[in-house]
Amino acid sequence: MLSKNRLRLAIQKSGRLSRDSQNLLKKCGIKINLQKSSLMAFAENMPIDIMLVRDDDIPGLIMDGVVELGIVGINVLEEEKLARKFLGTAAQSYKILQNLDFGLCRLSLAVPMDTEYLNVFCLKNARIATSYPHLLKKYFDKKVFFFKPFVLNGSVEVASNAGLADAICDLVSTGATLEANGLKEVEVIYRSSACLVSQNMNNIPLFKYQLIKKLLTRIQGVIKARESKYIMLHAPREKLEKVIGLLKGAERPTVLELVGDNSKVVLHMVSSETVFWETMEKLKKLGASSILVLPIEKMME
Ligand SMILES: Nc1ncnc2c1ncn2[C@@H]1O[C@H](COP(=O)(O)OP(=O)(O)OP(=O)(O)O)[C@@H](O)[C@H]1O
Ligand SMILES: O=P(O)(O)OC[C@H]1O[C@H](OP(=O)(O)OP(=O)(O)O)[C@H](O)[C@@H]1O
Ligand SMILES: [Mg+2]
C-alpha cells in the first residue's frame, strides 16, 4: 500500500529506460529492493516508494497527481500532453526538473528503401503508421498538409513491409531496426531523452518538496560526475600553458612539485569533457608523462 507520507516515484517496469532509471536511483544512494514480479518497491533508507509501470502510463500518473515524480521519455510526456489538449479533458500540469543522460533517441519519418524521396511533401496524403499520432499531427500541421495517421502501439516498422502504410513514424537511435526492416530515415520530427518530471511543485507538501530538491541535487551530481574526468599528469614546467590549453573543458589545475625532477610538475584537474586518445597523444608529444584519466564517482559544487 502506498503511503501518503512517502514520496511516490514512477519508473518504467521493463524496457529501454528501466535499467538506467534503476541505476540512477542506486547512484543517488537510494537502496531499493526490487522484486521481479512486483509493481512496487520501497526505498529502505529514504521515504520513497517506487512504482514500476509501463512508460505510457507515467505522464498520466504525474498529471493526475497519483505520483509526485517520474522518469520517462520527453517524447511520451509531450504526446500525452498533446493528447489531453486535443481531448480538452484533464489538466496537463507538470514540470520537467532535469533532462537525463539516457534514453536519447529521435522520432523520425521513414519510407521503404526504394522510395524516391525528395522532401516531406512526397508524404502528402500518405498513410503513416505511428505510436505518436499527436506529435506527428503537430509536425504536419506546421507543413499545412493532410496525411492519414494509423496508430500502432508496437512493431510500427513492420506496417510498411506488410503493406499497411506508405511510411512510418517511430523512434530511432542507431537506425538498425529501420535497416533490418528495409526502411530509410527521411525526416527527424522530434528529439528526445529521458527526464525527471514532477507534478506542479505548488501542490506538493513542504517535506516532499525538500526531498525532491535533495534528490534533484544528487541526480545533477551523478550526471555531472558521469560527464567529468579527473586528470593527473606530469608536465614539463616550460610547457605548462600549452599542456593546459590542450585540455578543453578543464578547470584551472592544481600544480604540485614532482619530487626529484625539477624540470617537471604534477598537474591535477577536473575536466567536463571526454579526453580522447588524440589529446593524450598530443600531451605526450609536448613531453607530458604518467597521464591518468580517471572516472569520478560523485560530485557536488
Ligand atoms: N532505441 C532507443 N534508444 C534510446 N532510447 C529509446 C529507444 N527507443 C525508445 N527509447 C526511449 O525509451 C522509452 C521507452 O521505450 P520502450 O521501447 O521500452 O517503450 P515501450 O515498448 O513502449 O515500453 P512499455 O512496455 O513500458 O510501454 C521511449 O519512449 C523513448 O523515450
Ligand atoms: O534505431 P534502433 O537503435 O534500432 O532503435 C529503434 C528501436 O528501439 C525502440 O524499440 P525497442 O527496441 O525498445 O523495442 P519495442 O519496439 O518493443 O519497444 C523503437 O521503437 C525502435 O523499434
Ligand atoms: Mg510504452
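This note goes through a predicted model point by point, from its domains and cores to its two ligand shells and a few individual residues.

1. Overall division. The protein chain is split into three parts, namely domain 1 (7-102 + 194-225), domain 2 (105-192) and domain 3 (228-295). Between the C-alpha centres of domain 1 and domain 3 there is a separation of 40 Å.

2. The annotated C-terminal stretch. An unreviewed UniProt entry lists residues 225-298 under the name "domain: Histidine biosynthesis HisG C-terminal". Over residues 225-298 the model has 26% helix and 36% strand, and the C-alpha atoms at the two ends of this stretch are 5 Å apart.

3. The largest nonpolar core. This core has 32 residues, and those with the most contacts inside it are Leu 9, Ala 10, Ile 50, Ile 58, Val 67 and Val 72. At least two of its residues come from each of β1 (7-12), α1 (18-27), β3 (48-53), α2 (58-63), β4 (69-73), α3 (74-87), β11 (194-198) and α7 (206-227). Among the contributors, β3 gives the most, with 5 residues.

4. Val 67 and the second core. Leaving aside residues up to four places away in sequence, Val 67 touches Arg 8, Leu 9, Ala 10, Met 51, Leu 61 and Ile 62. A second core, separate from the one described above, has 21 residues, including Leu 109, Ile 128, Leu 135 and Ile 168.

5. The shell around ligand 1. There are 16 residues around ligand 1, of which Gly 15, Arg 16, Gly 73, Cys 105 and Ser 173 come nearest. By class, the shell around ligand 1 consists of 5 nonpolar, 7 polar and 4 charged residues. Both domain 1 (7-102 + 194-225) and domain 2 (105-192) contribute to the shell around ligand 1, each with at least three residues.

6. The shell around ligand 2. Around ligand 2 the model places Arg 16, Gly 154, Glu 157, Asp 170, Leu 171, Val 172, Ser 173, Thr 174, Gly 175, Ala 176 and Thr 177. In this shell 3 residues are nonpolar, 5 are polar and 3 are charged. At least two residues of the shell come from each of β9 (167-172) and α6 (176-180), and β9 gives the most, with 3 residues. A reader comparing the two sites will find Arg 16 named for ligand 1 and also for ligand 2, and Ser 173 is likewise named for ligand 1 and for ligand 2.

7. Two serines with positive phi. Most residues other than glycine have a negative phi. Ser 155, although not a glycine, has a positive phi of about 45°, and this residue is found in the loop between β8 (148-151) and α5 (158-161). Ser 155 counts as exposed because 12 other C-beta atoms lie within 10 Å, and the cut-off for that class is 12 or fewer. Ser 290 also has a positive phi of about 45° without being a glycine, but its place is in strand β15 (residues 289-295). Ser 290 has 11 other C-beta atoms within 10 Å and is therefore exposed.

8. Phe 276. Is Phe 276 buried or exposed? Phe 276 has 10 C-beta neighbours inside 10 Å, so this residue counts as exposed. Its position is in the loop between β14 (264-271) and α9 (277-285). Phe 276 and Ser 193 are 83 residues apart along the chain, and their C-alpha atoms are separated by 25 Å.

Notes:
Residues are numbered from 1 along each chain as its sequence is written. Chains are lettered from A and ligands numbered from 1 in the order in which they are written. This is a predicted model: local features need pLDDT of at least 70, side-chain atom pairs count only at pLDDT 80 or more; totals for chains, interfaces and linings use all residues. A residue is near a molecule or strand if its C-beta atom, placed from the backbone, lies within 6 Å of it. Helices (H or I, at least four residues) and strands (E, at least two) are DSSP runs, numbered from the N terminus. Ala, Val, Leu, Ile, Met, Phe, Trp, Tyr, Cys and Pro count as nonpolar, Asp, Glu, Lys and Arg as charged, and the others, Gly among them, as polar. Domain bounds come from an automatic or database domain assignment. UniProt positions are given in the numbering used here, feature names are shortened, and annotations may be inferred rather than shown by experiment. A nonpolar core is a set of buried Ala, Val, Leu, Ile, Met, Phe, Trp, Tyr and Cys residues joined through C-beta atoms within 7 Å. A residue is buried if 20 or more other C-beta atoms lie within 10 Å of its own, exposed if 12 or fewer, and partly exposed in between; C-beta atoms are placed from the backbone. Two residues are in contact if their C-beta atoms, placed from the backbone, lie within 7 Å.
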